[in-house]
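Work through these exercises on aromatic rings with the structure open. Each task is followed by its solution.

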Amino acid sequence: MKNRINGMYFSSPAFYKKALRLALPICLQQALNQGASFLDTMMVSHVGGVGAVTVATQIDNLLMLIGFGVNSCILIFASQFFGAGNTRNLKRCFGLQLLLNVCIALTFFLLAKLGGTWFLSFFSDDAHLIELAQQYIAISAFSYFFTALINGYTFMYRSVQTTKIPMLFGLGTNCLNALLNYLLIFGKLGLPALGVRGAAIATVIATFCGLMGHVTYAFATRQPFLGPMQELFHWPSAFLRPVFRRMVPMAGNELVFGLGDAMYLKAFGMLGTAMLEAYQVAYKIGMVPHTIADGMGSASGILLGEHLGRGETEKARSVIRGLFPLAIGLSIAVSAVMILIARPVVSIFALPDSSVNLAVLMVRLFNIRIATRMFNAVLLSAIRAGGDTRFLLLMDSGLVWLVGIPAAYIGLLVLRVNSLPVLFLLVQTEQVVRLIVGLLRCRSGKWLHNLTEETGTQ
């Protein structure tokens, strides 16, 4: 009986070793990114810029989310091509990824430059906050190109199961960004104190250096996804059709999801600038352990892509079953740590006394989101890796608009909720519904597709 349970709900030590080998570098890279964002928020809190940077970086968030949709779609194809040993199409994936990331960056650069004031004013009517946000975005918009291309390289490394490299470059980029933030925000070592503008300049310099590191390393080590121009940018229609058939729903999903996130921020902002800043501090703290869920999801997607590319559907199912016990253990451990460290970490930020207790409570409430996200990350990665993009659109962004946003605005406008913790708890119904829907879909097996058969092997 014991052996049967172990076989059904647990996998072999070799499986967990491989999963951790793939997940840990991704977790660390994501944690470094969130840690850098955490430091940014902490530093700008000392110059009164938390709300301004929060609003300004909503364009960054949309860029990252749409880029994630595009890059994730290419990742599922590239992972399966890598598993099948098809290097020609692997190179085509990289060329397409480069072009699309530049186009996405250009779109959001123009949005920031031409429509920035309108966009920022949507989130707040605080004139001083909008003025600071404009100062930040006028400079930081140039980093969009570097960030988009870094993401392209990062996802391609993941597709060939080389996850340590982007982690190391992420470490260097984020350390440089933190150092430049300190020097330019506060005016150290004889440099001028530039406040939020200093944070923006630091972001531009650090992301440029990070991109140069990726390009140099890729060419120096002759990565398998590199090739001459005619190989990278020659895409037969038989290659493009199945890629775009799945990419459009995935990118659309991330755009709709990102707009939903913006609506959440708008809802929290309607409670006032003080509550918006308390929420943002809690969000930045909560997103650091959130990266564990992202790492698990990315690792499961890589493993699933490898098995699906070989037509091993039963092994793909076993990946999902094997990761669930890990998700349970991590949820318990992370929740315990978050409860213990909430107050000491919040005290680092320069918040008014009236906001400190609220921010501490919000950090602890984030445990609900993190615990459900541990499972949802695995489920979403499975559906994404199998190319089940239409259902992904419903399960991911669809539930934001069908469950989460209605809950938030019914709470605000109908129930007259004026408590940030209560409003946050109402929104978390979305995560619970997503977990139930995802479990039912994964049990059905309708998400299992071998995408290499759709593009051919030439």
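**Exercise 1.** Is Tyr217 buried, partly exposed or exposed?

Solution. The model is predicted. Tyr217 has a relative accessible area of 28%. Buried would need under 20%, and exposed over 50%. Tyr217 is therefore partly exposed.

**Exercise 2.** Classify the ring pair of Tyr157 and Tyr217, and place both residues.

Solution. Start with the burial of the partner: Tyr157 is buried, at a relative accessible area of 0%. Next, the geometry. The ring centres of Tyr157 and Tyr217 are 6.3 Å apart, and the planes meet at 55°. Pairing requires centres within 6.5 Å; an angle over 60 degrees would be edge-to-face, and one under 30 stacked. So the pair is tilted. Finally, the location. Tyr157 belongs to helix α7, Tyr217 to helix α9 (residues 196-220). The pair therefore ties together parts 60 residues apart in sequence.

**Exercise 3.** Which residues form a cluster through ring pairs?

Solution. Ring pairs link Tyr157 and Tyr217 with Phe94, Tyr153, Phe169 and Phe225. The count of aromatic pairs comes to 18.

**Exercise 4.** Describe the pair of Phe68 and Phe155.

Solution. This pair is edge-to-face, with 5.8 Å from centre to centre and 70° between the planes. Phe68 lies in helix α4 (residues 58-84) and Phe155 in helix α7 (residues 143-159), so the pair joins parts 87 residues apart in sequence. Phe68 is partly exposed at 28% relative accessible area, whereas Phe155 is buried at 7%.

**Exercise 5.** Which charged end sits over the ring of Phe155?

Solution. That of Arg158, 5.0 Å from the ring centre. Elsewhere, Arg441 lies over the face of Phe391, at 4.2 Å from the ring centre.

Notes
Residues are numbered from 1 along each chain as its sequence is written. This is a predicted model: local features need pLDDT of at least 70, side-chain atom pairs count only at pLDDT 80 or more; totals for chains, interfaces and linings use all residues. Side-chain values use heavy atoms; hydrogens and water are left out. Rings of Phe, Tyr and Trp (its six-membered ring) pair if their centres lie within 6.5 Å; planes under 30 degrees apart count as stacked, over 60 as edge-to-face and the rest as tilted. Helices (H or I, at least four residues) and strands (E, at least two) are DSSP runs, numbered from the N terminus. Buried means under 20% relative accessible area, exposed over 50%, partly exposed in between (1.4 Å probe, protein chains only). A charge sits over a ring if NZ of Lys or CZ of Arg is within 6 Å of the ring centre and within 35 degrees of the ring normal.
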